[in-house]
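Please open the model in your viewer and keep the sequence panel beside it. The tour goes from one selection to the next.

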Amino acid sequence: EFLDYLRENFKNYKLYFKPKQGKTDLTEFDLKGFKILDPKSSLEEICLRENIKKVISVKSTSSRVGAYLGIPSYLLYPMIKLPEELSQLIKNAFDDMPSIVKVNKLEDLKKEPESSVEKYDLDKLSSLYWEAIQFP
């Protein structure tokens, strides 16, 4: 249902799926229309090189990475029936990130998060990097 929702409601987006190395069985998902990313690839680099517009995860720090880069980021764990203790643990882990949308219904994926982080592009990050390593 979730992947169908993405395909239907985000038709103008390139859809990517980054499996967890050694944990994700790709045969469990209908990934038609998604580009499968290498699980060993750096999400930071992918977000910058592919000009990612949204980061969506169930309970992954990927959403935190996206938010740090100023990319609208979403967590799906509130929609999933999890043991209360696990749900509270995840909530506590992300409480300091109000810029990440906690998705209670799929329509929440259309919300723009409140973010005070400026979205960076690869050229700007490269420039900041070279500036930081310059010796006086």
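The stops below run from the whole chain to single residues, and then to the largest pocket.

**The whole chain**

Bear in mind throughout that this is a predicted model. Colour the chain by secondary structure: there are 5 helices and 5 strands. From start to end their order is α-β-β-α-β-α-β-α-β-α. The chain has 136 residues, and 35% of them count as buried. If you take the contacts between residues at least 6 apart in sequence, 53% join residues at least 24 apart.

**Helix α1**

Select residues 2-9, which are α1. Show the side chains of Leu3, Tyr5, Leu6 and Arg7, the buried residues of this helix. What covers these buried residues includes β1, β2 and β3.

**Leu15 in β1**

Go on to Leu15, which lies in strand β1. Is Leu15 buried or exposed? Its relative accessible area is 15%, under the 20% limit, so Leu15 is buried. Show what surrounds Leu15: beyond the neighbours within four places in sequence, Leu15 is in contact with Leu6, Arg7, Phe10, Gly33, Phe34 and Lys35. Now draw a distance between the C-alpha atoms of Leu15 and Ile52: the two residues are 37 apart along the chain, and the atoms are separated by 9.2 Å.

**The aromatic rings**

Two numbers are worth having for each pair here. A pair of aromatic rings is described by the distance of the centres and the angle of the planes.

The structure holds 3 aromatic pairs. Select Phe10 and Tyr13: the ring centres are 5.1 Å apart and the planes stand at 85 degrees, so this pair is edge-to-face. Phe10 is buried, at 7% relative accessible area, whereas Tyr13 is partly exposed, at 35%. Next select Phe17 and Phe29, whose ring centres are 5.3 Å apart with the planes at 50 degrees, so this pair is tilted. The pair links distant parts of the chain, with Phe17 in strand β1 and Phe29 in the loop between β1 and β2, 12 residues apart. Phe17 counts as buried at 15% relative accessibility, and Phe29 is partly exposed at 34%. To finish this stop, add Tyr5 to Phe10 and Tyr13: these residues form one aromatic cluster.

**Asn51**

What is the backbone doing at Asn51? Most residues other than glycine have a negative phi. Asn51 is not a glycine, yet has a positive phi of about 50 degrees. You will find Asn51 in the loop between α2 and β3. Asn51 counts as partly exposed, at 41% relative accessibility.

**Leu75 in β4**

Select Leu75, in strand β4. Leu75 counts as buried, with a relative accessibility of 0%. Residues up to four places away in sequence aside, Leu75 touches Ser57, Val58, Lys59, Ser60, Ser63, Phe94, Ile100, Val101, Lys102 and Val103. One of these, Val101, lies 26 residues from Leu75 along the chain, and their C-alpha atoms are separated by 6.2 Å.

**Helix α4**

From Leu75, follow the contact with Phe94 into α4, residues 84-94. Which residues of α4 are buried? They are Ser87, Ile90 and Phe94. Around the helix axis they cover an arc of only 65 degrees, which puts them on the same side of α4. An α-helix has 3.6 residues a turn, so residues three or four places apart point the same way. Turn the view to the other side of α4, where Glu84, Glu85 and Leu89 are exposed. The buried residues of α4 pack against α3, β4 and β5.

**The largest pocket**

End with a surface view. Rolling a probe the size of a water molecule over the atoms shows where empty space is left.

The largest pocket holds about 1200 Å³ of space. To centre the view there, select Tyr16, Phe17, Lys18, Ile56 and Ser57, which of its 42 lining residues are the closest to its centre. At least two lining residues come from each of α1, β1, α2 and β3. The largest share, 5 residues, is from α1. Colour the lining by class and you will see 21 nonpolar, 7 polar and 14 charged residues.

Conventions. Residues are numbered from 1 along each chain as its sequence is written. This is a predicted model: local features need pLDDT of at least 70, side-chain atom pairs count only at pLDDT 80 or more; totals for chains, interfaces and linings use all residues. Side-chain values use heavy atoms; hydrogens and water are left out. On a 1 Å grid over the protein atoms alone, a cavity is a set of points where a 1.4 Å probe fits but cannot get out, and a pocket is an open set with protein on both sides within 12 Å along at least five of seven lines; lining residues have an atom within 4 Å of a point. Grid points are joined across faces, edges and corners, and a volume is the space filled by probe spheres set on the points. Helices (H or I, at least four residues) and strands (E, at least two) are DSSP runs, numbered from the N terminus. Ala, Val, Leu, Ile, Met, Phe, Trp, Tyr, Cys and Pro count as nonpolar, Asp, Glu, Lys and Arg as charged, and the others, Gly among them, as polar. Rings of Phe, Tyr and Trp (its six-membered ring) pair if their centres lie within 6.5 Å; planes under 30 degrees apart count as stacked, over 60 as edge-to-face and the rest as tilted. Buried means under 20% relative accessible area, exposed over 50%, partly exposed in between (1.4 Å probe, protein chains only). The arc is that of the directions from the helix axis to the C-beta atoms. Contact means heavy atoms within 4.5 Å.
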